[in-house]
Structure formats: structure tokens, C-alpha cells
Amino acid sequence: MKFLCIACDEPMKLEESTPPADGAGFTATFRCPACGQGVAMLTNPWETEVVGSLGVKLANGRESRCPMGSMIATSRPAAEEPAGVAWTAGALARLDRIPEMVRPMAREGIERYAKNAGRGVVDEALLEEARAAFAS
Amino acid sequence: MKGYRDIVGDGGSQIVAQVVAARQSMTRALAGVRHLVAVASGKGGVGKSTVTIGLARALVAAGQRVAILDCDLNGPTQAQMAGVRDQPWVPGEEGLELPRSADGLGVLSLGSVLGRETALRFDAVSQGDEQVWRGTRELTVLGQLLAAVRWGELDVLLLDLPPGAERTLQVAQLLGPRAAFVLVTVPSAVAREVVARSLDALTGNGHGAAPSGRVVGYVENMAGYWCRDCGAVRPLFPAAEAPLHATSTVPLLASIPFDPALAAACDGGSPPAVDTPAGEALRAAARRLLATLESSP
């Protein structure tokens, strides 16, 4: 989708976007670089989800929500949820190198592994240990 | 007034560029995979997952490096069948590490991270209107999974597809021309009709459409019932109409009789016995599939 300033016949530039926050859609504002005329695009929930379902980041570096976020929250019974597991910066860096979509799933499984192993901290050594433990 | 194609770029949202970049990430992640094989049908309940893991184990036994991606996000079964149900997904230095079964088969399945009786749910601002976006989101997740995993060097990556002729076509377009397809059917007229429709959708036969998928063969599953007591294979279905290869150029890779022990092995996550008619048929299918893949351009 592109926006054109009719008076100037110039493509408008994205100025700002706001992620969904009110249970409806996101807002994007565009402005004509020639005359300064602005418009706001207000999407409805369907349109918001259609864009979000492509797995893209919204403008201004804001990420769309993790498409599986709610699945992670309900993937295991609450009684099994590990608590109080800390991550070192190095381990978090590894986690951050995989896409946002699979991050919560990987995190949850590793925290469960750490808890079962009696460890309160996930560091790179523990990640290697987990990898080796399940390698054939 | 300028038209859409007169304007370069999209004003700054970079949405198209991000979608293209995601495709490129997937291509890079699969660079070490020699053969990408999707096991599909269109029809549900014909045993795609059983055939997938059976083929995978037969290929591993033949010395091939093999992994499975369970593309059925709503009904993932491969984690259970491969015995990797409780393996965590470990973030490695170069991406997600591939969980491995006891016999060395790599398996990525949502069954490893979803609760046993938990439905797949997505966060959304338009809950209740999932018909608008859910299909696209699931395909995006598949692409992200393909890009996220450190697949390494593989001879064959098998993709266990969900049912639905439309889903088969969508996955074919996501994977692109390098993917080969194996179709699974059972010897019933109803199943054959649905699978023939999937074949038509993939090949675009006679409709002027460009082929979306390269179909390298089909497997006839549940081709009779093997009685362990008497060793006979008895029919499970009434005499079927002409098989798929009688009306198309798609070769039959194997006919696999139903064997309760094979079903039990799949449920238990253990390799099935190999000295059975089903085991022999799976090995034959794997041999023929590999020969076809190796002879393809």
C-alpha cells in the first residue's frame, strides 16, 4: 500500500506508526515531503492481523507482537511453570539470535531443563549441556 | 497522477522488503539441505505422518542424514512418534538446535513444546475472526521455523504437511521449486479423488497454471491388513477404482499394508520392526524416493 499526495503528485513518506494498543488496529501517519500535508491510516482489527500475520516489524523499529505469545502462555499447565530462573547476558544473546516467534518456546523449555537440573541460572554452559544431553 | 508502479518503495514501512528478507533467511538456512521433500495428501487420516517418519527412519537406516519438520502446527505428531516429546528447543550459537531421536533423526515439531491436550492459539486483536488471518500466520510461522533452525548438512529434509489440498498448494509456493512432493493416499475412491485434486493443484495440469510443486511419487497406505498370525494381507477397503498411477504419470513408490504393530511403534515413539511387510514397503519406498531424487536435475 502506498500513499500519494494528489496536489503534489508526490509519494507520501511514513512519519510514525503506533502498534495496536486499544484492542483494535494500529495507526500510521504519512506526510507529503513537498507540501507537508499529512494523513493518518487507521486500520481495523482484521487489517491489523493481516499485516501482523506476515511476521513483519512495524515501522519505526517496533516489532509486531509475537504471533505465538498466547500459545506459550498456555502451552503447559501452570503447575509446571518454572519460576526464578535467571539468564546471563551471553545466554540471552543466544536466545535473541533466534526469531521472536520461537524465542518464548525455547526459553520455556530451557528454563524447565534448568529447574529439573537444580540450576537457577541459564548460562552458555548450561545451553551447551542441554544440547549435548539431547544429541544422539 | 502517478500510479502504484510509478512510486519506488513503500513510503518507509518496508513491509515487502521484510517479507523478501524472510524468504532469503529461509533459503540460507536450507543451503545445506540436498533434498527437500514434502509429504502431503490433501486428505486427512491417510497416514501422512506415519509414512513420513517411516520414510525418515528407512532413509536413516540407509545411511542418509535426515530431519523432519512437522508442518502440522495444529495437530503435531512427529515429536511423539520420534520420541523427542520432552526435548527442549535449545538456542545454539547459530540458531535453534535440532532435537534428535535416539536413532539420530532430527525432528522439529510443535509437539515438543505444546501441552498434550492444548490447542494452538495465537495472540490477536481480532479473536473470533481468525478466518481472516490465521492461514497466513501459520504459513509465516512455518517459514520462520525453516529459517530459525540450524539444519546443517542434510541429505533429506522431510516436511510432514497438514491435510487440505489448499494447504498443500500454499506450502508448495512457500517452499519454491526445489521442493519435491510425495503424495499419500489409501485405496478408497474417496481418498483417491481428494489426492488427485491435490496432484492437479500442484501440477497445474491442463489449466495453464504454472506448476507449484514437483510430485515425485505417491505412497498407497493401508493397502490391506497384514495378519501376523497367518501372514496374509487381506483387503481393508472395497475394491478400489483405478490407482493414481493409472491415470497420471506419478509413480507408485510403495503400497504399505496396515500393521497394528507399526501404529503402536509410532504411538510409543520407537522405531518399528523392519522384518514386516510394512517395514519392507517403507524401505522400498525410501529406496525409490532416493533414486528419483538423485536422478532429478
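**A buried valine, the nonpolar cores and the A–B contact**

Val51(B) is buried, since 26 other C-beta atoms lie within 10 Å of its own, and 20 are enough for a residue to count as buried. The model in which this residue is placed is a predicted one. Val51(B) belongs to helix H2 of chain B, which spans residues 48–61. When neighbours within four places in sequence are left aside, the contacts of Val51(B) are Val39(B), Val184(B), Val219(B) and Asn221(B). Of these partners, Val184(B) stands 133 residues away along the chain, yet 7.8 Å separates the C-alpha atoms of Val51(B) and Val184(B).

In soluble globular proteins, nonpolar side chains tend to be buried together. In this model, the largest nonpolar core comprises 98 residues. The members that touch the most others are Ala38(B), Val39(B), Leu55(B), Leu158(B), Phe181(B) and Val182(B). For Leu55(B), the contacts outside the four nearest places in sequence are Leu158(B), Leu282(B), Ala285(B), Ala286(B) and Leu289(B). A second core, separate from the largest, has 7 residues, among them Phe3(A), Cys5(A), Phe26(A) and Cys32(A).

Chain A contains 5 helices and 7 strands. Read from the N terminus, the order of its elements is β-β-β-β-β-α-α-β-α-α-β-α. Chain A has 136 residues, of which 35% are buried. Among contacts in chain A with a separation of 6 or more, 47% join residues 24 or more positions apart.

The contact between the two chains draws 56 residues from chain A and 48 residues from chain B. On the side of chain A that touches chain B, at least two residues each come from strand E3 (13–18) and from helices H1 (45–52), H2 (69–73), H3 (89–96), H4 (103–116) and H5 (124–134) of chain A. H4(A) contributes the most to this side, with 7 residues. The side of chain A that touches chain B consists of 34 nonpolar, 10 polar and 12 charged residues.

Confidence varies along chain A. The average pLDDT of chain A is 77, and 73% of the residues score at least 70. Among the elements of chain A, the highest mean pLDDT, 96, belongs to strand E1 (residues 4–5), and the lowest, 35, to H2(A). Over residues 59–81 of chain A, pLDDT remains under 50; the model has 55 contacts beyond four places in sequence for this stretch. H2(A), with its mean pLDDT of 35, is also one of the elements that supply at least two residues to the side of chain A that touches chain B.

Note on methods: Residues are numbered from 1 along each chain as its sequence is written. Chains are lettered from A and ligands numbered from 1 in the order in which they are written. This is a predicted model: local features need pLDDT of at least 70, side-chain atom pairs count only at pLDDT 80 or more; totals for chains, interfaces and linings use all residues. Two residues are in contact if their C-beta atoms, placed from the backbone, lie within 7 Å. Helices (H or I, at least four residues) and strands (E, at least two) are DSSP runs, numbered from the N terminus. Ala, Val, Leu, Ile, Met, Phe, Trp, Tyr, Cys and Pro count as nonpolar, Asp, Glu, Lys and Arg as charged, and the others, Gly among them, as polar. pLDDT is the predictor's confidence in each residue, from 0 to 100. A nonpolar core is a set of buried Ala, Val, Leu, Ile, Met, Phe, Trp, Tyr and Cys residues joined through C-beta atoms within 7 Å. A residue is buried if 20 or more other C-beta atoms lie within 10 Å of its own, exposed if 12 or fewer, and partly exposed in between; C-beta atoms are placed from the backbone.
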